[in-house]
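Q: Could you take me through this structure slowly, giving the reasoning behind each label as we go?

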Amino acid sequence: MKLAGTADEKWMAAAIARARLAARAGDVPVGALIVHGGRAIAQVENRTARHQDPTAHAEILAIREAAAALGSWRLEGCTLYVTLEPCAMCAGAVVLSRLDRLVFGAWDLKAGMVGSVGDIVRHPRLNHRAQVTGGVLAEECGELLTAFFRERREADDVP
């Protein structure tokens with residue numbers, strides 16, 4: 001997919017840095033940030049394993065942090081950058097938070113709900129649809145995930 005510009009790559013690189021933090025902490029390496037007015041108002045990574053919370057996906061945490069920073073649950077004028085195509089829960093949160101734009105890196109062919117398995121974010125019957133750009137720095141984002149799960153499998157094989 002064609003990149004929307006170098007700003008998307010810059011912000012995705014910052015999300016990738018957050019994904020690396022998640023991997024070092026033992027969480028699935030997904031990073032996210034939300035940009036408003038040209039600055040990041042939320043920067044987080046997956047914390048599902050650390051918090052033992054199935055809703056502690058990077059996107060959900062970023063939305064919470066951005067809403068607190070703006071003092072509003074409506075994240076109009078904001079762009080969410082995330083290293084992996086959002087799941088159903090996170091795609092629903094994108095719609096409910098009224099984010100203007102979603103930019104993601106790697107496609108998730110098993111659980112992605114922004115085009116791979118379904119498309120919640122742009123569903124025509126919902127009251128809000130975010131603009132979507134997928135595949136930004138997809139190879140780098142995907143390699144982080146592949147390496148993380150490869151290392152997990154190899155560790156499981158060691159007696």
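A: We can begin with one aromatic residue, keeping in mind that this is a predicted model. Trp 107 has a relative accessibility of 38% and counts as partly exposed.

Q: Why is Trp 107 called partly exposed?

A: Buried means under 20% relative accessible area and exposed means over 50%, with partly exposed in between. Trp 107 stands at 38%, so the label that applies is the one in between.

Q: What makes Phe 104 and Trp 107 an edge-to-face pair?

A: The structure holds two aromatic pairs, and in one of them the ring centres of Phe 104 and Trp 107 lie 4.7 Å apart, with the planes at 85 degrees. Rings pair if their centres lie within 6.5 Å, and planes over 60 degrees apart count as edge-to-face, so both values satisfy the rule. Phe 104 itself has a relative accessible area of 0%, which is why it is called buried.

Q: How do you know that Phe 148 and Phe 149 are paired edge-to-face?

A: The centres of the Phe 148 and Phe 149 rings are 5.1 Å apart and their planes meet at 85 degrees; since the limits are within 6.5 Å for the centres and over 60 degrees for the planes, the pair is edge-to-face. As for cover, Phe 148 is buried at 9% relative accessibility, whereas Phe 149 is partly exposed at 37%.

Q: Why is the contact between Glu 140 and Arg 20 called a salt bridge?

A: A salt bridge needs a side-chain nitrogen of Lys or Arg within 4 Å of a carboxyl oxygen of Asp or Glu. The N to O distance between the side chains of Arg 20 and Glu 140 is 3.1 Å, so the contact qualifies. Glu 140 lies in helix 5 and Arg 20 in helix 1 (residues 6–24), so the pair ties together parts that are 120 residues apart in sequence. Both partners are partly exposed, with Glu 140 at 37% and Arg 20 at 35%.

Q: What makes Glu 45 buried, and which residue does its side chain meet in a salt bridge?

A: Glu 45 has a relative accessibility of 4%, and because buried means under 20%, that label follows. Its partner is Arg 47, at 3.1 Å from N to O, and Arg 47 is partly exposed at 21%. Glu 45 and Arg 47 also belong to a network of salt bridges that links them with Arg 18, Asp 27 and Arg 50.

Q: How do you know that Asp 119 and Arg 122 form a salt bridge, and how many salt bridges are counted?

A: The side chains of Asp 119 and Arg 122 come to 2.8 Å, N to O, and the limit is within 4 Å, so this pair is accepted too. Asp 119 is partly exposed at 24%, as is Arg 122 at 34%. By this rule the count comes to nine salt bridges.

Q: Why is Asp 157 called exposed, and which patch does it belong to?

A: Asp 157, found in helix 5 (residues 138–157), has a relative accessible area of 64%; as exposed means over 50%, the label holds. Asp 157 gathers with Glu 151, Glu 154 and Asp 156 in a patch of negative charge on the surface.

Definitions and conventions
Residues are numbered from 1 along each chain as its sequence is written. This is a predicted model: local features need pLDDT of at least 70, side-chain atom pairs count only at pLDDT 80 or more; totals for chains, interfaces and linings use all residues. Side-chain values use heavy atoms; hydrogens and water are left out. Patches are made of residues with over 30% relative accessible area and no salt bridge: like charges are joined within 9 Å, nonpolar side chains (Val, Leu, Ile, Met, Phe, Trp, Tyr) within 5 Å. Accessible areas come from the Shrake-Rupley method with a 1.4 Å probe; for residues, only the protein chains shown count as cover. Lys and Arg count as positive and Asp and Glu as negative; His and the chain ends are not counted. The place of a charge is taken as NZ of Lys, CZ of Arg, CG of Asp or CD of Glu. Helices (H or I, at least four residues) and strands (E, at least two) are DSSP runs, numbered from the N terminus. Buried means under 20% relative accessible area, exposed over 50%, partly exposed in between (1.4 Å probe, protein chains only). Rings of Phe, Tyr and Trp (its six-membered ring) pair if their centres lie within 6.5 Å; planes under 30 degrees apart count as stacked, over 60 as edge-to-face and the rest as tilted.
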